[in-house]
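Ready for some practice in reading a protein structure? Take a look at the sequence and the 3D view, then try each task before reading its solution.

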Amino acid sequence: MRLQVIEGKFSVCKVENLRAVNFNVPWLFVGKTDAEISVVCLTVDVPHATLAREDGWRALRVAESMDFGLTGVMAGISTVLARAGISIFAVSTFDTDYILVKAENLGLAQTALEAGGYSIETPFR
């Protein structure tokens, strides 16, 4: 399976309401439940009014669109990274999955994933 490293540094934030979120930025994931609103975006686009934020994330994308019946994709990736001692923040969209790792762990994550049989495309290769 092919994974792509996404350029840029990401942040994971918690906001009080959606008015704080700029929906016109290039990268934006919003998760809203009865208990919270979470936002993942490029660090340069973090909403000004956050309740909490965690900076310093890098993102990898599963390069193919995935059928809803496909199973085990995130489990496989997260298992490889867990065995390497790397924690993740995962986001899924209609088409594919995204895995965020702390920036200082990106190289180690790439090495572990390649050893686990994944192909990694970087914007620098």
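The exercises below deal with a predicted model.

**Exercise 1. Cysteines**

Task: Find out how many disulfides the structure holds, and explain the result for Cys-13 and Cys-41.

Solution:
- Step 1. Recall that a disulfide is a covalent bond between the sulfur atoms of two cysteines.
- Step 2. Take the cut-off: the two sulfur atoms must lie within 2.5 Å.
- Step 3. Look at Cys-13: the closest cysteine sulfur belongs to Cys-41 and is 5.0 Å away, which is too far for a bond.
- Step 4. Conclude that the structure holds zero disulfides.
- Step 5. Add the surroundings: Cys-13 is buried at 3% relative accessible area, and Cys-41 is buried too, at 1%.

**Exercise 2. Salt bridges**

Task: Work out which residues pair up in the three salt bridges of the structure, and where the partners lie.

Solution:
- Step 1. Start with Arg-2 and Glu-121, whose side chains meet with N and O 2.3 Å apart. Arg-2 is in strand β1 and Glu-121 in strand β7, so this salt bridge ties together parts that are 119 residues apart in sequence. Arg-2 is partly exposed, at 32% relative accessible area, and Glu-121 is partly exposed at 29%.
- Step 2. Go on to Lys-102 and Glu-54, which form a salt bridge at 2.7 Å, N to O. Lys-102 belongs to strand β6 and Glu-54 to strand β4, and 48 residues separate them in sequence. Here Lys-102 is buried, with 15% relative accessible area, whereas Glu-54 is partly exposed at 38%.
- Step 3. Finish with Arg-53 and Asp-55, where the closest N and O atoms are 3.0 Å apart. Arg-53 is partly exposed at 41%, and Asp-55 is partly exposed at 34%.

**Exercise 3. Nonpolar residues inside and outside**

Task: Describe the largest nonpolar core, then find a nonpolar patch on the surface.

Solution:
- Step 1. Keep the general trend in mind: in soluble globular proteins, nonpolar side chains tend to be buried together.
- Step 2. The largest nonpolar core has 17 residues, and those touching the most other members include Leu-3, Leu-60 and Val-101. The elements β1, β4, α1, β6 and α2 each supply at least two residues of this core.
- Step 3. Zoom in on Leu-60: its contacts include Leu-3, Val-101 and Leu-113.
- Step 4. Apart from the largest core lies another, of 11 residues, with Ile-6 and Phe-29 among them.
- Step 5. Now turn to the surface, where Leu-18, Phe-23 and Val-30 form a nonpolar patch with about 250 Å² of accessible area together. Val-30 is part of strand β2 and counts as partly exposed, at 38% relative accessibility.

Key: Residues numbered from 1 in each chain as written. Predicted model: local features only at pLDDT ≥ 70, side-chain atom pairs only at ≥ 80, totals over all residues. Heavy atoms only, no water. Patch = residues over 30% accessible without salt bridge, like charges linked within 9 Å, V, L, I, M, F, W, Y side chains within 5 Å. Areas by Shrake-Rupley, 256 points an atom, 1.4 Å probe, with all protein chains shown as cover. Salt bridge = Lys/Arg side-chain N within 4 Å of Asp/Glu carboxyl O. Helix = DSSP H or I, 4+ residues; strand = E, 2+ residues; numbered from the N terminus. Buried < 20%, exposed > 50% of the residue type's maximum accessible area, 1.4 Å probe, protein only. Core = buried A, V, L, I, M, F, W, Y, C linked by side-chain atoms within 4.5 Å. Contact = heavy atoms within 4.5 Å. Lists of a residue's contacts leave out its neighbours within four places in sequence.
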